[in-house]
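Q: Hey, could you walk me through this one? I'd like to talk about helix packing and cavities.

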Amino acid sequence: MSTANTTDQFFEDKVLGHPAGLFVLFFTEMWERFSFYGMRALLVMFFTASLIDGGWEWPREHAMAIFGSYVGLVYLSTMLGGYFADKIIGFRWAVVLGASLMTLGHGSMALETPLFIYIGLGLLVFGNGFFKPNMTSIISEMYKDRPEKKDGAYTIFYMGVNAGAFFGILLCGYLGEKIGWSWGFGLAGIFMLLGTLQFWLAQNIFGHIGLKPVKEETLKKAATDTDKRVPFSMKQKLIIAISTALGLIWILNDPATKISGGQINAFAFLGENGNNIAIVTALVLFLGLLGYRLSQYSQITREKLIAVSFFAFLTIFFWGIFEQAPGSMTIFAKDYTNRLLEGSAGTIFKIIDALITIIPLAVISWVLIVLFKKTFAKYSLSNIVLAITFILLWIIGIWKIYDQYIEETTEVAASWFSTLNSLFIITMAPLFSRWWESKYNPSANAKYGIGMFLLAIGMACIAFGAMGIEPGAATASVSMIWLILAYFFHTMGELCISPVGLSYVSKLVPPRMIAFMFGVWYLAVAIGMKGAGKFGENIDKIANTEGISYFFWLLTIVSVSIGLLSILCQPLIKKLMHGVR
């Protein structure tokens, strides 16, 4: 049977039961996540570090303000990148463009001057926007005729995501803290560049997938949708434009106003509370439009969309609290945690750290060798570039182990704790996957509730460990076990919520409206990310007056409250979902 017009052709050369092209994407995504999380682990520490240590010595409020805006814009930009890929340039060029912009962004940040740091952050925002949504789109197309293999494909891909995040935080974080910030930022850029090259040189492995979209195909998809159409009027488009403009100006203006001491303020004409007036106006306009449009659909569609909107609302709070990891939790690790280990404790840590560096490297290298056996003849240049990345990775990993070994006392890097999230995900994801496939699979509301309760337990661990810290204390020596427990519970909470949300969007939303509702979803994530920054901005104020433990207890209470809301609303949401599980 001919496979020319199906995706079965990709399964002719298989690696571990999947198309070789999946593993090209696996390694491309791995290096992108390496660069993103490696830089992210350093950002707040760089801004708040003393001038002697090469940082900018910013107040934590300023650092958290710009961090919140940065990660919020990263998710907002996915809507722009997705639109251009779908309508104009295709998935493949979007990935290459995004990766190239991120490479330039990391290179700019390595220069460490204010101008280039801001340029670098801007390039990283747009680069992520073009890259992030289109990698998964290529996988979806590749498995179009093999839907039964999709779950396994996304599981493998997700492992690449977390492997990249793990190595990025581990190595970029170590270099940045121990040698210099430029080394951490620059290493992220080097691996992003090499990852881009290996993708570009192997792109023919994807056949026609991801090339410039054909208009006829888009029209054909729309013709199969029988649900009531509700086109956007000019007035509605104007409302979207106004709310979007206000939101974007606000998210940039918020840190600019704080950092400049009020000298830069785009909303100064609105008075002292201009920032608040602008963002509230933007949200009211958007929510009003969303409510009106929901009222125009058929009852079943409307109720399913309301269910999606409810989960999007919960998602705001999850990410607002979970994303304390690179912000307030890293600050807690740096300033309030005892990271000096001596004697047998230091030796045990060195052994454990060496094992968690070498074992994942060995496993991923084995996957690389299996891929080479299938693809080297056709894509030798891509394979050579990929081999160079792993040679560099092994060199840096072994150097890190040796550098720690020769130190008399062991000081755990503050960024090291962030690696635990990826490590725990790789370990526990298969267990959660089996849970979701069993007869004990919880409902959507229960998953969100459990996830928020686990998030609360993690925050409570830090809050309990910090109870002995007096208000106003600049440093402390809390046992690191509390942070380790926090990351353990937070990772389990993430596994309950993060993979579930987008799944329900795809199940509940009519095909024609997927793009719009994904936009709503990513808007919710972006609000949550900016919310993380807003929460973190208050860490010093609360720590100076009530104590830092109080700050984490507040986050614990918010998490429990949202978890209870999810559980209590289960009967209503279940009815609105019309049998979708």
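**Helix packing and cavities**

A: Happy to! This is a predicted model. H2 and H5 are roughly antiparallel to each other, because an angle over 145 degrees counts as roughly antiparallel.

Q: Nice, and at what angle do H2 and H5 pack, and how far apart are their axes?

A: H2 and helix H5, residues 181-201, pack at about 160°, and their axes are 8 Å apart.

Q: Is that crossing left-handed or right-handed?

A: H2 and H5 cross in a left-handed way. On the H2 side the contact includes Arg 92, Trp 93, Val 95 and Val 96, while H5 brings residues including Phe 185, Ala 188, Gly 189 and Met 192.

Q: How do the residues of that H2 and H5 contact divide by class?

A: There are 12 nonpolar, five polar and one charged in the contact of H2 with H5.

Q: What about H2 and H3, how do their axes cross?

A: Helix H2 covers residues 60-109 and helix H3 covers residues 114-142; their axes come within 7 Å and cross at roughly 40°. H2 and H3 are therefore oblique to each other. By class, their contact has 32 nonpolar, 14 polar and two charged residues.

Q: Switching to the start of the chain: which residues of H1 and H12 meet?

A: From H1 you have Phe 27, Met 30, Trp 31 and Phe 34, and they meet Leu 386, Thr 389, Phe 390 and Leu 393 of H12. That makes seven nonpolar, one polar and no charged residues in the contact of H1 with H12.

Q: And what's the geometry of H1 and H12?

A: Helix H1 (residues 20-48) packs against helix H12 (residues 380-405) at an angle of about 40°, with the axes 12 Å apart. H1 and H12 are therefore oblique to each other, and H1 passes H12 in a left-handed crossing.

Q: While we're on H1, what does Tyr 37 touch?

A: Tyr 37, which is found in helix H1, touches Ala 165 and Ile 169, leaving aside residues up to four places away in sequence. Tyr 37 and Leu 111 are 74 residues apart in sequence and 19 Å apart in space, C-alpha to C-alpha.

Q: OK, cavities now. How many of 30 Å³ or more does the structure hold?

A: Two cavities reach that cut-off of 30 Å³ or more. The largest has a volume of about 60 Å³, and the second largest holds about 40 Å³ of space.

Q: Which residues line the largest cavity?

A: Ile 169 is one of them, along with Leu 170, Tyr 174, Phe 349, Lys 400, Gln 404, Val 412, Ala 413, Ser 415 and Trp 416. Helix H4 (150-178) and H12 are the elements that give two or more residues to that lining, and H4 gives the most, with three residues. By class, the lining of the largest cavity has seven nonpolar, two polar and one charged residues.

Q: And what lines the second largest cavity?

A: The second largest cavity has Val 24, Gln 198, Ala 202, Ile 205, Leu 371, Thr 375, Tyr 379, Ser 382, Asn 383 and Leu 386 around it. Helix H11 (343-375) and H12 each supply at least two residues of this lining, and the largest share, three residues, comes from H12.

Q: How does the lining of the second largest cavity split by class?

A: It has six nonpolar, four polar and no charged residues.

Note on methods:
Residues numbered from 1 in each chain as written. Predicted model: local features only at pLDDT ≥ 70, side-chain atom pairs only at ≥ 80, totals over all residues. Heavy atoms only, no water. Axes fitted to C-alpha atoms, helices over the stretch in contact; angles between N-to-C directions. Helix = DSSP H or I, 4+ residues; strand = E, 2+ residues; numbered from the N terminus. Parallel < 35°, antiparallel > 145°, perpendicular 65-115°, else oblique. Left-handed = near helix turned anticlockwise from the far one by under 90°. Contact = heavy atoms within 4.5 Å. Nonpolar A, V, L, I, M, F, W, Y, C, P; charged D, E, K, R; others polar. 1 Å grid on protein atoms, 1.4 Å probe; cavity = no way out; pocket = protein on both sides within 12 Å on 5 of 7 lines; lining within 4 Å. Points joined across faces, edges and corners; volume = space filled by probe spheres on them.
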